[in-house]
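Trainee: Could we go through this structure together, one question at a time?

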There are 2 protein chains.
Amino acid sequence: MFKSSVTNLQEATAEQVQEFLNSFDTVLTDCDGVLWIDNNSIPGAADAMNFFRKIGKKIFFVTNNSTKIRTDFASKAQQLGFTATQDEILSTAYLVAHYLKGIGFTKKVYLLGSNGIAEELKAVGIRHTGVGPSDLDSEVGAVVVGFDEHVSYPKFMKAACYLASEECLFIATNTDERFPKSGSIVVPGTGTLVRAVETCSERKALVLGKPHAYVRKFLESCGLNPARTLMIGDRCNTDIELGVRCGFQTLLVLSGVTSIKELEKIRLEKKAPLPDVVLPKLGDLLSLVPPS
Amino acid sequence: MFKSSVTNLQEATAEQVQEFLNSFDTVLTDCDGVLWIDNNSIPGAADAMNFFRKIGKKIFFVTNNSTKIRTDFASKAQQLGFTATQDEILSTAYLVAHYLKGIGFTKKVYLLGSNGIAEELKAVGIRHTGVGPSDLDSEVGAVVVGFDEHVSYPKFMKAACYLASEECLFIATNTDERFPKSGSIVVPGTGTLVRAVETCSERKALVLGKPHAYVRKFLESCGLNPARTLMIGDRCNTDIELGVRCGFQTLLVLSGVTSIKELEKIRLEKKAPLPDVVLPKLGDLLSLVPPS
């Protein structure tokens, strides 16, 4: 484990950077805000990831984004210059299907979310339904909330009606408040919808994504050595918190939702765990790497 | 002030009921769930309110509902058999306009809410705008969230974008989780939308309705004698909490959102203040009144 008084990697000596690179075998990285924003690769991110791969690090992409199935994530990564296979991708749409299959769920899912979840459910043989024009479906045994840009009042209402039955499971992919965006626009994240459904149902969702227990257990079952794993993210209350809870090392990049000002606020108000090291963006690592 | 060990008024002696009736001069009553549900009067509620008026009690209707202007509330009450004038109605749409006028607000309101608020704003000369197709309006200086059955993702997004400016005020009419309904249907209340906007904006709204500070100050400014005021409601975390915080007596009716089972849960979990007295529905009071 890399232990240093240096939190800004840019201020580290060449020796310290080398020590940092030697201190982990596995890299877990968030996607939105670290590798890309929307459909634009963040400059240098692909080179940095390719460098990790070149020096023998094992790589996993761990995303709270629930809008895509794993093959689509891999395709997107490849289009943006990254190397990625389906098996290296852990997305919340996949986690939902994995969780429900794991508990032997045989009823139907009421889905307030996008196609990624629908397709992952289908892949494990779990049926789902949406808001539709019809009455409540007596076969529904779980409400799943993910990202849904077509959210509506009737969708909230139907979710709350299903959740009035205590037997109905309540699952959320993640509770990220916002998506990382360039510029001043604020793009509400899945957390916005989850909090809405929690309010009208007067229940708390089981959240599967970062930093919650299910994704942690999933990662632990992958046989990682926590002390030699690095978690990279752009958000302290999901990525860094996951890393801290799992005993990973953590690297925060400031290319996504967390600005340097926001990081200072988190530090002062103790709103979330702090990272071990910080970089403006992932690509900045390369210029710090000592020549071999 | 009526002080008794009896919390179920139906178990009170005729003498205790008379003592209760003698203990207040003013009746503040919630509307949805106490007087009516949707467009149906709750049996006996109008008779009970008319009885209060007959024995000389002063009456105010204090509602968190923001969908109507006060004259429309008065019309609805009259159609359902109640006597009510505009001056007796305190609704959150009116409170929003009263608040903004009171602080000398001259900018524009971005409204995520219904017509009731729009019309009350217009009545005090405050302009408003909605989601529209256009870019952000630089004249907007406040986001107001009320009940809106046409809520959408773009509406949340625009609210969050305006609220990214710290100078932009963030006001909510109320945070009721649900509307009272007969049957098993769950109807999300304004709280559902407020929590959503709070999440994506990463800010807390100033809530004007029951049980929050602004409506309390407003009522205090009306010259009521708290010790001789009765607050009637169907919800412990708004109506009864308002009453308790203001030093009013409180009567909970079980004809709205709070069932006897839910009341027991609130008691056990200390989730909200408890009422002084309870009745299944307001109309049940009349059969308890001693003959004069």
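Trainee: How many of the 11 residues of helix 9 of chain B are buried?

Mentor: Happy to help, and keep in mind that this is a predicted model. A residue counts as buried when its relative accessible area is under 20%. Helix 9 of chain B covers residues 236–246 and is largely enclosed by the rest of the structure, because the number of its residues that are buried is eight.

Trainee: Which elements are included in what covers the buried residues of helix 9 of chain B?

Mentor: Start with the residues themselves: the buried ones include Cys236(B), Ile240(B), Leu242(B) and Cys246(B). Now look for what lies in contact with the buried residues, with heavy atoms within 4.5 Å. The cover includes helix 8 (213–220), strand 13 (229–233), strand 14 (249–253) and helix 10 (260–269) of chain B.

Trainee: Which residue follows helix 9 of chain B, and what is the sign of its phi?

Mentor: Helix 9 of chain B spans residues 236–246. The residue that follows the helix is Gly247(B), and its phi, near 80°, is positive.

Trainee: Now for chain A: which residues of helix 9 are buried there?

Mentor: In chain A, eight of the 11 residues of helix 9 are buried, so this helix is largely enclosed by the rest of the structure. Its cover includes helix 8 (213–220), strand 13 (229–233), strand 14 and helix 10 of chain A. The buried residues are Cys236(A), Thr238(A), Asp239(A), Ile240(A), Glu241(A), Leu242(A), Gly243(A) and Cys246(A).

Trainee: Thr250(A) caught my eye. Which backbone nitrogen does its side chain reach?

Mentor: Good pick! Thr250(A) sits in strand 14 of chain A, and it counts as buried because its relative accessibility is 1%. Among the residues it touches are Ile240(A) and Gly243(A), as well as Leu274(A) and Pro275(A). At 2.8 Å, its side chain reaches the backbone nitrogen of Asp276(A).

Trainee: Is Ser255(A) buried or exposed?

Mentor: Ser255(A) lies in a loop, between strand 14 (249–253) and helix 10 (260–269) of chain A. Beyond its neighbours within four places in sequence, its contacts include Gly33(A), Ile42(A) and Pro280(A). Its relative accessibility is 15%, and because the cut-off is under 20%, Ser255(A) counts as buried.

Trainee: What kind of rotation axis relates the two copies?

Mentor: Chain B is superposed on chain A by a rotation of 180° with 0.0 Å of shift along the axis, at an RMSD of 0.0 Å. The two copies are therefore related as by a two-fold rotation axis.

Trainee: About how much area do chain B and chain A bury between them?

Mentor: The size of an interface is often given as the accessible area lost when the parts come together. Here the contact takes 28 residues from chain B and 28 residues from chain A. The copies meet through the same surface, because 100% of the interface residues of chain B are also interface residues in chain A. With 66% of it on carbon and sulfur atoms, the area that chain B and chain A bury is about 2,400 Å².

Trainee: Which element gives the largest share of the side of chain B that touches chain A?

Mentor: Between the chains there are six residue pairs in polar contact. The elements that give two or more residues to this side of chain B are helix 6 (153–163), strand 11 (187–188) and helix 7 (190–201). The largest share is eight residues, and it comes from helix 7 of chain B.

Conventions
Residues numbered from 1 in each chain as written. Chains lettered and ligands numbered in written order. Predicted model: local features only at pLDDT ≥ 70, side-chain atom pairs only at ≥ 80, totals over all residues. Heavy atoms only, no water. Helix = DSSP H or I, 4+ residues; strand = E, 2+ residues; numbered from the N terminus. Buried < 20%, exposed > 50% of the residue type's maximum accessible area, 1.4 Å probe, protein only. Buried area = accessible area lost by both parts, 1.4 Å probe. Polar contact = N/O pair within 3.5 Å; in protein donor to acceptor, adjacent residues only side chain to side chain. Least-squares fit on C-alpha atoms with pLDDT ≥ 70 in both.
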